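User: Hi! Could you walk me through this one?
Analyst: Happy to, have a look first.
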2 protein chains.
Amino acid sequence: MNKSENLEGKAELLKALGHSTRLLILNLIRMKPRHGEELAAILNLKPATISHHLTKLTNVGVLVAEKDQYYQVFSVNQHALKPSLSDIIHLSQQDIMPNAEVDAYREKVVKTFFKLGRLTKIPAQLKKQRIVLEKIVEEFEPEREYTEREVNIILLDFNDDVAALRRGLISQKLMTRVKGIYQRITE
Amino acid sequence: MNKSENLEGKAELLKALGHSTRLLILNLIRMKPRHGEELAAILNLKPATISHHLTKLTNVGVLVAEKDQYYQVFSVNQHALKPSLSDIIHLSQQDIMPNAEVDAYREKVVKTFFKLGRLTKIPAQLKKQRIVLEKIVEEFEPEREYTEREVNIILLDFNDDVAALRRGLISQKLMTRVKGIYQRITE
DNA sequence: ATTTTAATTCGACGCTTGTCAAATCAAAAA
DNA sequence: TTTTTGATTTGACAAGCGTCGAATTAAAAT
């Protein structure tokens with residue numbers, strides 16, 4: 001698999017391009033293929049420095065080298081420069097998953113508000129309230145119809161303010177109430 | 001003028017994108033807009049660190065922030081990600097000129113081989129020979145016809161090996177010789 | 001064989017950057 | 001008003017990176 005197709009490879013490519021000296025080198029070579037000494041003279045840098053930059057640009061595939069007599073002549077690989085930023089930045093799910101514990105925030109909120117299975121406090125912030133109520137609604141079976149009394153009994157396990165919980169579940173559209181009968185919504 | 005249109009601006013943009021953590025942030029936000037705390041929990045980094053990265057991404061315009069209650073919710077500015085690498089890398093002549101002394105290599109070669117107006121040695125390498133001969137051929141007027149004797153007199157000012165110089169000028173196609181008459185080529 | 005020339009490698013130096021803890025801010029909740 | 005909560009700033013530390021001089025290598029000219 002091509003290096004520039006995974007997370008680190010993509011970061012490398014963009015990092016290699018993210019330096020003003022290397023952008024200049026790239027443009028000078030784009031005008032016409034050139035060798036290291038020439039670039040060193042033009043940019044007023046030492047050959048060692050130029051070599052360092054050329055190595056980076058070659059490693060990520062935007063430059064290709066070809067021997068000519070003494071010289072190592074570099075030219076631009078247009079193919080590598082075709083994709084848009086969008087194309088390059090877009091990571092596959094496999095690249096994101098190992099680095100990001102996507103539900104970490106959710107779990108953190110749950111840990112904060114549930115102690116020993118009970119809700120210590122009903123979150124004021126909507127985002128957090130939503131997360132907590134989604135957790136609670138799991139106690140209701142889909143499809144099944146509940147009376148308000150049955151609902152209250154279940155909710156009482158979580159918090160004494162069952163009215164607030166009921167209101168939340170309805171307004172967040174996690175449950176419906178028609179004529180006093182409650183039902184869990186499953187989308 | 002937009003910042004991302006000059007050398008340093010372009011380098012900044014690419015540098016901002018050239019880091020694996022920031023690529024992950026960008027992808028997480030692309031799935032859906034998110035706020036700092038959430039990203040910190042997901043990526044297992046401290047809020048201060050996330051803030052640092054978000055600032056960089058916002059400064060170069062790939063993220064936009066919007067307040068929502070407590071939160072500062074970030075979303076991706078697709079517009080900024082449209083251009084291809086090629087588009088971004090391409091610098092204007094005004095950006096290149098101040099940094100690159102484009103004729104520096106040429107001048108360096110001339111300085112090396114000319115001492116007090118005379119050619120100390122005829123360069124063996126074609127590239128350098130070419131540069132030196134282009135300098136010498138300037139002594140001939142365009143259009144005008146020269147006999148070999150006239151050519152020799154001029155060349156003698158530069159180097160005793162006038163035969164080699166004549167040969168070089170012809171083979172490098174800087175002059176023509178037809179029936180013993182020499183003429184400078186101007187393209 | 002010796003010398004020249006371009007390129008590369010290595011080690012060193014200083015500047016930049018990523019990360020965090022602690023302090024501070026700003027906005028909303030209690 | 002006082003507390004809570006998310007965001008930012010500051011300072012510190014370590015890791016990374018750009019630059020150079022010196023030594024080395026590779027190829028070609030003398």
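Analyst: One term to begin with: a polar contact is a pair of N or O atoms within 3.5 Å. Keep in mind that this is a predicted model.
User: Okay! How far is the polar side-chain atom of A:Arg22 from a phosphate oxygen of DNA strand D?
Analyst: That distance is 3.0 Å. A:Lys128 also points a polar side-chain atom at a phosphate oxygen of the strand, 2.4 Å away.
User: And which backbone atom of chain B is 3.2 Å from a phosphate oxygen of DNA strand D?
Analyst: A polar one of B:Gly36.
User: What share of the strand D atoms within 4 Å of the protein belong to sugar or phosphate?
Analyst: 81%, and the rest belong to bases.
User: Which residues come nearest to strand D?
Analyst: Of the 24 residues around it, A:Arg22, A:Thr49, A:His53, A:Lys128 and B:Glu37 do. The residues of that surface divide into eight nonpolar, ten polar and six charged.
User: Which element gives the most to the surface near DNA strand D?
Analyst: H4 of chain A, with five residues. Chain B takes part too: its helix H3 (36-43), helix H4 (47-59) and strand E3 (71-76) each supply at least two residues.
User: New topic: how are the two chains related?
Analyst: A turn of 180° and a shift of 0.1 Å along the axis lay chain B on chain A, with an RMSD of 0.1 Å. That is the relation of a two-fold axis.
User: Which residue of chain B comes closest to the rotation axis?
Analyst: B:Ser84, whose C-alpha is 1.8 Å from it. The same surface serves both copies, as 100% of the contact residues of chain B recur in chain A.

Methods
Residues numbered from 1 in each chain as written. Chains lettered and ligands numbered in written order. Predicted model: local features only at pLDDT ≥ 70, side-chain atom pairs only at ≥ 80, totals over all residues. Heavy atoms only, no water. Least-squares fit on C-alpha atoms with pLDDT ≥ 70 in both. Contact = heavy atoms within 4.5 Å. Near = heavy atom within 4 Å. Polar contact = N/O pair within 3.5 Å; in protein donor to acceptor, adjacent residues only side chain to side chain. Helix = DSSP H or I, 4+ residues; strand = E, 2+ residues; numbered from the N terminus. Nonpolar A, V, L, I, M, F, W, Y, C, P; charged D, E, K, R; others polar.
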